[in-house]
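This report introduces a protein chain to a reader who has not met it before. It begins with the confidence of the model and then turns to rings, single residues and backbone angles.

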Amino acid sequence: MIGRKQKERLIELYNFQKQALEQASPSYFYAMDTGTGKTLTSLHHYLKYSRGEPLLIVAPPAVIKAGGWKREVERVGDNIEFEQLSYGKLSKDFEKYRNYFVIFDEAHYIKNPTSQRGKAACKLARQSTHFVLLTATPMANGWEDSINYFIMFGMARNKTQFLNKYAIYEDLYLGSRVVKKVSDFRFKEELNGMFKKISVSVSKHEALDLPEITFDKVHFEKSKEYKTIEKDLVLNDIAFDSPPKLSAGLRYFANIVDKAEYIKEMAHNTTDNIIIFYQYTKELNFLKSVLQGKTIFEVNGGCTHLPPRDTWDNLHNSVTLVQYQAGGAGIELQYANIVIYHTPTYSYQDYAQSLGRAYRNGQNRKVTVYQFETTGTIEEHVWTALENKKDFSDKIYLETRLRA
């Protein structure tokens with residue numbers, strides 16, 4: 001039974017959040033869009049189904065550092081006993097949390113059933129009283145992303161069993177080698193039915209009255225450096241003679257100078273708050289050099305420096321530089337209304353998550369998204385993949401160029 005105080009707290013939820021909570025089972029998957037209040041909904045889920053056991057929140061390090069969960073627990077208004085565990089420590093420390101009620105925030109971090117993190121998540125779920133999964137992108141790359149979720153809910157034994165039953169394979173030719181690659185899945189109605197039994201999906205476009213969002217593709221010409229690397233696989237005596245080196249070189253040197261000049265001009269002509277998503281540390285240093293006079297905030301592997309929430313209403317003329325891997329998910333940046341993709345990410349999941357950092361509940365201004373694309377470069381191929389809601393794999397793309 002839910003106590004009277006807990007019932008009163010449920011009034012804090014939007015109707016769509018209440019409906020999601022009402023249909024939930026004790027262990028459940030909230031596949032709700034970014035900005036629709038997954039955190040608050042899951043805390044009410046805990047209040048509804050817990051029997052006094054402590055709460056464990058498993059989340060990305062940047063999310064824990066940003067303090068969002070602590071604020072939401074305080075907002076609920078109860079003295080909830082809770083601990084936080086980063087995904088980086090999950091495989092090492094999960095055994096310490098037996099008989100906890102567990103919330104896995106940004107659950108796509110544990111989608112790989114053969115990784116140490118994915119295996120530890122399954123074990124932690126089994127030793128919990130109940131568990132909740134939260135993510136806006138449960139299957140960004142299709143049904144293969146769902147395998148570990150189904151294992152956690154007891155609907156699949158392991159990855160091999162799942163693929164044997166549902167996967168369709170095709171031959172992939174890599175030079176003289178032929179490998180089997182999952183190309184599609186069969187019995188999709190059955191899979192959809194399985195997923196609906198354990199989850200609820202909520203789109204923010206249906207649930208929230210958000211302002212307009214517009215997308216603007218900004219095109220650049222490829223740089224001389226890019227052309228040199230593409231032709232000779234060498235630049236300034238540095239060899240780009242392996243796929244990883246070539247990929248990094250082509251992406252970084254697509255046209256970093258003209259992109260920076262565009263950002264410098266844009267930043268000079270607005271006092272709006274800007275978010276810039278980037279990939280490489282060298283990009284960060286270059287961007288900082290052209291953004292003098294702006295208040296700079298950062299989220300990357302070594303730093304999480306964001307403005308306090310109580311300053312957002314009066315915050316202007318700032319730029320927040322976010323590295324995809326560290327801040328593409330879980331943080332709230334709705335104080336900004338200009339979003340720039342300086343370099344596209346290879347991951348559709350990271351792209352979809354990053355879009356929700358500013359365009360989420362609490363945003364009250366029109367959001368403009370600028371997608372930087374350098375014509376005739378690897379960036380064109382990456383953006384095409386993202387627009388088709390797919391990851392971009394550079395393996396075949398780069399091996400072709402290396403052989404040439």
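The term pLDDT denotes the predictor's confidence in each residue, on a scale from 0 to 100. The structure shown is a predicted model. Its protein chain has an average pLDDT of 88, and 93% of the residues score at least 70. Over residues 1-11, however, pLDDT stays under 50. For this stretch the model has 15 contacts beyond four places in sequence. Where pLDDT is low, the predicted coordinates should not be read in detail.

**Aromatic pairs**

A pair of aromatic rings is described by the distance of the centres and the angle of the planes. In this model the count comes to 29 aromatic pairs. One of them is formed by F220 and F372, with 5.1 Å from centre to centre and 70 degrees between the planes, an edge-to-face arrangement. F220 belongs to strand β9 (residues 213-220) and F372 to strand β17 (residues 367-374), so this pair ties together parts that are 152 residues apart in sequence. F220 is buried, at 7% relative accessibility, and F372 is buried as well, with a relative accessible area of 0%.

Y346 and F392 form a further pair, and it is edge-to-face because the ring planes stand at 65 degrees, with the centres 5.1 Å apart. Here the partners come from loops: Y346 lies between β16 (338-341) and α17 (348-355), and F392 between α18 (378-387) and α19 (395-403), so the pair ties together parts that are 46 residues apart in sequence. Y346 counts as buried at 17% relative accessibility, and F392 is buried at 12%.

Ring pairs also link F29, W143, Y149, F150, F162, Y166, F185, F187 and F195 into a cluster. Elsewhere, a charged residue meets a ring: K282 lies over the face of Y252, at 4.2 Å from the ring centre.

**Y166, a member of the cluster**

Y166 is found in helix α9 (residues 159-166) and is buried, with a relative accessible area of 3%. Leaving aside neighbours within four places in sequence, Y166 is in contact with D184, F185, R186, F187, E190, L191 and M194. Two of these residues can be described further. The C-alpha atom of R186 is 5.2 Å from that of Y166, although the two residues are 20 places apart along the chain. The side chain of E190 is joined to the side chain of Y166 by a polar contact of 2.6 Å.

**S223 and T41**

S223 lies in the loop between β9 and α12 (224-232), and its relative accessible area of 10% makes it buried. Which residues does S223 contact, leaving aside its neighbours within four places in sequence? They are F253, A254 and N255. With F253 the link is polar, as the side chain of S223 reaches the backbone oxygen of F253 at 2.4 Å.

T41 is located in helix α3 (residues 38-49) and counts as buried at 0% relative accessibility. Not counting residues up to four places away in sequence, T41 touches L13, Q17, L21, Y30 and M32.

**Cysteines and an exposed glutamate**

The count of disulfides comes to 0. Among the cysteines, C122 counts as buried at 7% relative accessibility, while C303 is partly exposed at 24%.

E22 has its place in helix α2 (residues 15-23) and counts as exposed at 62% relative accessibility. The C-alpha atoms of E22 and D171 are separated by 45 Å, and these residues are 149 places apart along the chain.

**Positive phi angles**

Two residues other than glycine have a positive phi; the table sets out their angles, places and accessibility.

| Residue | Phi | Place | Relative accessible area |
|---|---|---|---|
| N99 | about 65 degrees | loop between α6 (87-93) and β4 (101-104) | 47%, partly exposed |
| D237 | near 65 degrees | loop between β10 (234-235) and β11 (238-239) | 80%, exposed |

D237 counts as exposed because its relative accessibility of 80% is over the 50% cut-off. N99 is partly exposed, since 47% falls between the limits of 20% and 50%.

Technical notes
Residues are numbered from 1 along each chain as its sequence is written. Side-chain values use heavy atoms; hydrogens and water are left out. Rings of Phe, Tyr and Trp (its six-membered ring) pair if their centres lie within 6.5 Å; planes under 30 degrees apart count as stacked, over 60 as edge-to-face and the rest as tilted. Helices (H or I, at least four residues) and strands (E, at least two) are DSSP runs, numbered from the N terminus. Buried means under 20% relative accessible area, exposed over 50%, partly exposed in between (1.4 Å probe, protein chains only). A charge sits over a ring if NZ of Lys or CZ of Arg is within 6 Å of the ring centre and within 35 degrees of the ring normal. A disulfide is a pair of cysteine sulfur atoms within 2.5 Å. A polar contact is a pair of N or O atoms within 3.5 Å; within protein, one must be able to donate a hydrogen and the other to accept it, and residues adjacent in sequence count only if both atoms are side-chain atoms. Contact means heavy atoms within 4.5 Å.
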